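Me: Please take a close look at the charged side chains of this model and at how they pair. I should like one connected account, with the criteria stated.

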Amino acid sequence: MTATMLAPHPFGDLITATSLTEKFSHFHQWEDRYRQLIQLTRQLPALAEELKTPDIELTGCENRVWLSSQLLNNGTLHFYGDSEGRIVRGLLAVLLTAVEGKTPADLLQHDPLALFDTLGLRAQLSASRSSGLQALADAVKRAAQLHNQAA
């Protein structure tokens, strides 16, 4: 466990599932949701190059994507990541909002992609983006299993 958080970001703390749900509830057209997704990318800090290691790069995505986690002293997981694609960075920001600060046990009990349904995002994704999003969710579940066994 660690006290120093790698690659901090505002998702899950300053930007919450509740605040995203409120913001997205005003958008009824896919184009408006798409624009909001792009806005979220601006709030996701770029991941330092030294953290973009091959062991955290995910396969199954159109763009290069990195996602990792660390177990904090309070027993919750901090997730961090980045992508070369704008839309994927937005999807990653939503995922980080959904999973940040949860315990491994909580993450294993809930669908990390449920927030995408609440926001009306998942149904509009192409097959390849849906596959990439599932790869992100699978990585979250693997991290939760790994840290749950270590606890």
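Reply: The account below begins with the basis of the values and then follows the charged residues.

The model is predicted, so local features are given only at pLDDT of at least 70 and side-chain atom pairs only at pLDDT 80 or more, while totals for chains, interfaces and linings use all residues. Residues are numbered from 1 along each chain as its sequence is written, and side-chain values use heavy atoms, with hydrogens and water left out.

A salt bridge is taken here as a side-chain nitrogen of Lys or Arg within 4 Å of a carboxyl oxygen of Asp or Glu. By this rule the count comes to eight salt bridges. In general, side chains of opposite charge can pair when their charged atoms come close.

One network is formed by salt bridges that share partners, and it joins Glu49, Lys52, Asp82 and Arg89. Within it, Glu49 pairs with Lys52, and the closest N and O atoms are 3.3 Å apart. Lys52 also forms a salt bridge with Asp82, with a closest N and O separation of 3.6 Å. This second pair links distant parts of the chain: Lys52 belongs to the loop between helix 2 and strand 1, Asp82 belongs to strand 2, and the two are 30 residues apart. Helices (H or I, at least four residues) and strands (E, at least two) are DSSP runs, numbered from the N terminus. Lys52 and Asp82 are both buried, whereas Glu49 is exposed, with a relative accessibility of 60%. Buried means under 20% relative accessible area, exposed over 50%, and partly exposed in between (1.4 Å probe, protein chains only).

Helix 2 holds a further pair: Asp32 and Arg35 both lie there, three residues apart, about one turn of the helix. Their salt bridge has its closest N and O atoms 2.6 Å apart. Asp32 counts as partly exposed because its relative accessibility is 23%.

Arg33 lies in helix 2 as well, which spans residues 30–41. Arg33 is buried yet has no salt bridge, and the nearest side chain of opposite charge, that of Asp32, is 8.1 Å away. For this purpose Lys and Arg count as positive and Asp and Glu as negative, with His and the chain ends not counted. Leaving aside residues up to four places away in sequence, Arg33 touches Phe24, Phe27, His28, Leu119, Gly120 and Leu121, where contact means heavy atoms within 4.5 Å.
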